[in-house]
Amino acid sequence: MPTSTTPVLIGGSIAIDNIKTPTAEGKNLLGGSASFTGFAASYFTSPVHLVGIIGKDFPQEHLDLFEKKGISTDGLERSEGDTFSWSGSYHENMNDRDTLAVAINVLEDWTPKIPAEMASAPIVVLANMHPLNQLQMISQLTAEKPFIAADTMDLWITIANDDLHKVLQKIDLLVINESEARDFCKTSNLIKAGQRLLGKGPANVVIKLGEFGAILFSKDVSSPPHPLAPSLPQLPGVSLFRCAAFPLTEVADPTGAGDSFLGALAGHLASTGKSEFSFDDIRQAIAYGSVVASFTCEAFSANRLAHISRQDIDSRLTLLKNLTHWP
Ligand code: AMP
């Protein structure tokens, strides 16, 4: 069990996934943005609270697994409908995938309700879900100044652009895939995309690059600037950090890697016990995010992610540091 007792509140989808990769297939798997985020965060702090909705078909064994990992499911609404389901297929290059089918089911009319005892969590993750649901969650938070991290996807950029812009005004950190960042900001230049996303509201933006890691863009709030927070002359007021992914020779299924990245990031921030986070804190959190995401890729669903130890994470973190550092 982690030693940190700072609560993390996670809202998002709880899903049944069907996944095809170039070499294998998995059906009726535990998935969902909140599920992966929760497992990842559970290695860093406790309690981790999930807010989401499941249907009558949701297997008890998955609920048992959440509980076994110290993840509280008291914020999960149980509905008589069917659980949200997502089917996806990966290309030969596993950075690319197609959505084959989405059954919205119980998510259709869902309004998240945060139980009172969870609403004061100082760290909040709005994992991938409709931006309207993200706004509904934000409106129920009761902590004075919670740190809010959010994820999004191409679908919301297309069909809920205004609501997504409202979310961006209210959060502290956005994570987004590189192709989505380019589309959202209408530029093929990722550095410009990061700069433009910062301009939309959040103080921190993380653009995820799949097997190539991630880039952190941060509004430079320290004065004088942190000596190790490189600000490029053409990007005044922006600090950058480039984090590699942990190198893998076998990728079984990258589903949930982005969610796990976000969960570990939030979990690490919670574990610092701080209420405000420096560039250094977020940089460290992103390195943990990269490492934890690598475990997710090594098996279908959370079959690897849910069965690692904190020591496994820390060993990979040391390796990643050595791989990417020079004197
Ligand atoms: P990731 O691979 O990190 O992007 O996350 C994949 C997870 O997101 C899968 O387990 C899906 O169940 C879930 N997911 C896919 N589409 C949606 C959606 N429209 N809303 C919420 N969750 C989704």
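**Surface charge, buried helix packing and salt bridges**

On the surface, Glu61, Asp64, Glu67, Asp74 and Glu117 come together as a patch of negative charge. Patch members have over 30% relative accessible area and no salt bridge, and like charges are joined within 9 Å. Asp and Glu count as negative and Lys and Arg as positive, while His and the chain ends are not counted; each charge is placed at NZ of Lys, CZ of Arg, CG of Asp or CD of Glu. The model is predicted, so local features need pLDDT of at least 70 and side-chain atom pairs count only at pLDDT 80 or more, whereas totals for chains, interfaces and linings use all residues. Residues are numbered from 1 along each chain as its sequence is written, and side-chain values use heavy atoms, leaving out hydrogens and water.

One patch member, Asp64, sits in helix 2 (residues 60-68); helices are DSSP runs of H or I with at least four residues, strands are E runs of at least two, and both are numbered from the N terminus. Asp64 is partly exposed at 41% relative accessible area, where buried means under 20%, exposed over 50% and partly exposed in between (1.4 Å probe, protein chains only).

Turning to helix 3 (residues 131-140), its buried residues are Pro131, Asn133, Gln134, Leu135, Met137 and Ile138. These pack against several elements, including strand 4 (48-54), strand 10 (147-151) and helix 5 (161-170). Gln140 also lies in helix 3 and is partly exposed, at 25%. Beyond its neighbours within four places in sequence, Gln140 is in contact (heavy atoms within 4.5 Å) with Pro112, Lys113, Ile114 and Ala119. Its C-alpha is 6.8 Å from that of Ile114, although 26 residues separate the two along the chain.

Phe147 belongs to strand 10 and is buried, with 8% relative accessible area. Its contacts outside the local sequence window of four places include Val124, Leu173, Leu269 and Phe277. The C-alpha atoms of Phe147 and Glu276 are 7.7 Å apart, with a sequence separation of 129 residues.

Eleven salt bridges were counted, each requiring a side-chain nitrogen of Lys or Arg within 4 Å of a carboxyl oxygen of Asp or Glu. Glu178 pairs with Arg182 at a closest N–O distance of 2.5 Å; because they are four residues apart in helix 6 (residues 178-185), about one helical turn separates them. Lys274 bridges to Asp281 at 2.9 Å; here Lys274 is partly exposed at 41%, whereas Asp281 is buried at 9%. Arg304 and Glu298 form a further bridge, also at 2.9 Å. Through shared partners, salt bridges join Glu298, Arg304 and Arg316 into one network.

How values were computed. Patch = residues over 30% accessible without salt bridge, like charges linked within 9 Å, V, L, I, M, F, W, Y side chains within 5 Å. Areas by Shrake-Rupley, 256 points an atom, 1.4 Å probe, with all protein chains shown as cover.
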